[in-house]
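This note sets out comments for a colleague who is examining the structure shown below. The points are numbered so that each can be checked in turn.

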Amino acid sequence: MRTDAKRRHDPTVRGFASDNYAGAHPEVLAAMALANEGHQTAYGGDDYTENLQHLVRRHFGARAQTFPVFNGTGANVVALQALTDRWGAVIAADTSHINVDECGAPERVGGLKLLTVPTEDGKLTPELIDREAYGWDDEHRAMPQVVSITQNTELGTVYTPEEVRAICVHAHERGMAVHLDGARIANAAASLDVPMRAFTNVAGVDVLSFGGTKNGAVFGEAVVVLDPDRVRAMKHLRKLSMQLASKMRFVSVQLEALLAGDLWLRNAGHANAMARRLEAGVRTVPGVEILHPVQANAVFARLPHEVSERLQKRYRFYFWDEAAGDVRWMCSFDTTEEDVDGFVDALREESGG
């Protein structure tokens, strides 16, 4: 196919800044090409979105309802709107994406209040939830209606199915629903070696934000309603929140490419394996401290600030806490062993080792 577009980047440049930096998996691109011929009904009335409903139910249970959206922030805002009243609040870890990285969208667009709790490892517990789970009859306080957890967390840690189940039981006993931000849900399932249902619908989660972009899609996530009795008017909320794609088949077919077989698991398992290789390599470099257990595809480390600055000129990555010298290194589905080994060698050189 002819195109007037030109390649405007160097495809040999590699980095560890984010799994969003990676391109799309070839199987996802092939799926989009398959969906491109002819005309299909817009706004979700297409064959691909219909089939996606069946695929998601296979993974998350017979009651699951799927609403494709453009991005992760949109998925979280729509999901949380569906679970809260205008006076509602959401309990979340202070490091959660909805609190730190969404420009206030849950509060400004979703119209809800975030009640955040400090954690050591990014994970909530029933005891931590109780720090904010009170005051339902106090008209001066936003009413806690939802507990939102992230799997895996923003610190790269993973909830076990038992931990999620304990949170769900605790929240439900107090009249609250549970939302799971699954931007990297595939990495968590690969890490735990369990089906995604084990720590979602089976554990009692009510609504899930399902991530595709970080796992090899071009764009597109989905709100998956696991307990339809908890929500209403989801179609209207999605449109109201500007997350209704007219050519939805191109979102749905990407998620189909991930979920129809084991591509979602292959991609996540590989990214996790590269993170473990990276952790093992950097541990051999003097002056590097690993900050959190490496349970998925993220490595958090502390090293001298000047070393990080020199290394960033060779590989892209982000400071997590620049004042403390903390950095985050992310692996993706297309990270190679050569990428990891080259990065470790560069780190050793810049560290003077």
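1. Asp345, at 41% relative accessibility, counts as partly exposed. Its side chain meets that of Arg348 in a salt bridge of 3.6 Å, N to O. Arg348 is likewise partly exposed, at 25% relative accessibility. Because they are three residues apart in helix 13, Arg348 and Asp345 are separated by about one helical turn. It should be kept in mind throughout that this is a predicted model.

2. The salt bridge just described belongs to a total of 22 in the structure. Side chains of opposite charge can pair when their charged atoms come close. Asp130 and Arg174 provide another example, with their closest N and O atoms 3.4 Å apart. Asp130 is in the loop between helix 6 (126–129) and strand 4, while Arg174 is in the loop between helix 7 (161–173) and strand 5 (177–182), so this pair ties together parts that are 44 residues apart in sequence. Relative accessibility is 33% for Asp130, which counts as partly exposed, and 31% for Arg174, which also counts as partly exposed.

3. Arg230 forms a salt bridge with Asp206, and here the closest N and O atoms are 3.4 Å apart. The pair links distant parts of the chain: Arg230 lies in the loop between strand 7 and helix 9 (234–240), and Asp206 in the loop between helix 8 (185–192) and strand 6, 24 residues apart. The burial of the two partners deserves a remark. Arg230 is partly exposed, with a relative accessible area of 32%, whereas Asp206 is buried, with a relative accessible area of 3%. Both residues belong to a network of salt bridges that links Arg63, Asp206, Asp227, Asp229 and Arg230.

4. Which strand order does the open sheet of seven strands have? The order is 1-7-6-5-4-2-3, and the pairing is mixed. Strand 1 (65–69) and strand 3 (113–117) stand at the edges with a single partner strand each, so one side of each is left without a neighbour in the sheet. Neighbouring strands of this sheet are turned against each other by 25 degrees on average, direction ignored.

5. Within the sheet, strand 2 (residues 88–93) and strand 4 (residues 143–150) run parallel and are joined by four bridges. At this junction Ile91 stands opposite Val147 in strand 4.

6. Helix 10 (residues 249–259) merits separate attention. Of its 11 residues, 11 are buried, so the helix is largely enclosed by the rest of the structure. The buried residues include the charged residues Arg249 and Glu256, as well as Phe250, Val251 and Leu255. What covers the buried residues of helix 10 includes helix 1 (26–34), helix 2 (47–60) and helix 11 (263–282). Strand 1, strand 6 (207–210) and strand 7 (221–225) are also among the covering elements.

7. A search of the whole structure finds nine aromatic pairs. One of them is formed by Phe300 and Trp320, which are edge-to-face, at 5.0 Å centre to centre and with 85 degrees between the planes. This pair links distant parts of the chain, with Phe300 in strand 9 (residues 298–302) and Trp320 in strand 10 (residues 318–321), 20 residues apart. Phe300 counts as buried at 2% relative accessibility, while Trp320 counts as partly exposed at 37%.

8. Trp329 and Phe343 also form an edge-to-face aromatic pair, at 5.1 Å centre to centre and with 75 degrees between the planes. Trp329 lies in strand 11 (residues 326–330) and Phe343 in helix 13 (residues 337–350), so the pair ties together parts that are 14 residues apart in sequence. Trp329 counts as buried, at 0% relative accessibility, and Phe343 is buried too, with a relative accessible area of 0%. The two residues take part in one aromatic cluster with Phe16, Tyr315 and Phe317.

9. Finally, two positively charged side chains are placed over aromatic rings. Lys123 lies over the face of Tyr159, at 5.7 Å from the ring centre. Arg141 lies over the face of Tyr134, at 3.7 Å from the ring centre.

How values were computed. Residues numbered from 1 in each chain as written. Predicted model: local features only at pLDDT ≥ 70, side-chain atom pairs only at ≥ 80, totals over all residues. Heavy atoms only, no water. Phe/Tyr/Trp six-rings, centres within 6.5 Å; stacked < 30°, edge-to-face > 60°. Helix = DSSP H or I, 4+ residues; strand = E, 2+ residues; numbered from the N terminus. Buried < 20%, exposed > 50% of the residue type's maximum accessible area, 1.4 Å probe, protein only. Lys NZ or Arg CZ within 6 Å of the ring centre and 35° of its normal. Pairing = 2+ DSSP bridges. Axes fitted to C-alpha atoms, helices over the stretch in contact; angles between N-to-C directions. Contact = heavy atoms within 4.5 Å. Salt bridge = Lys/Arg side-chain N within 4 Å of Asp/Glu carboxyl O.
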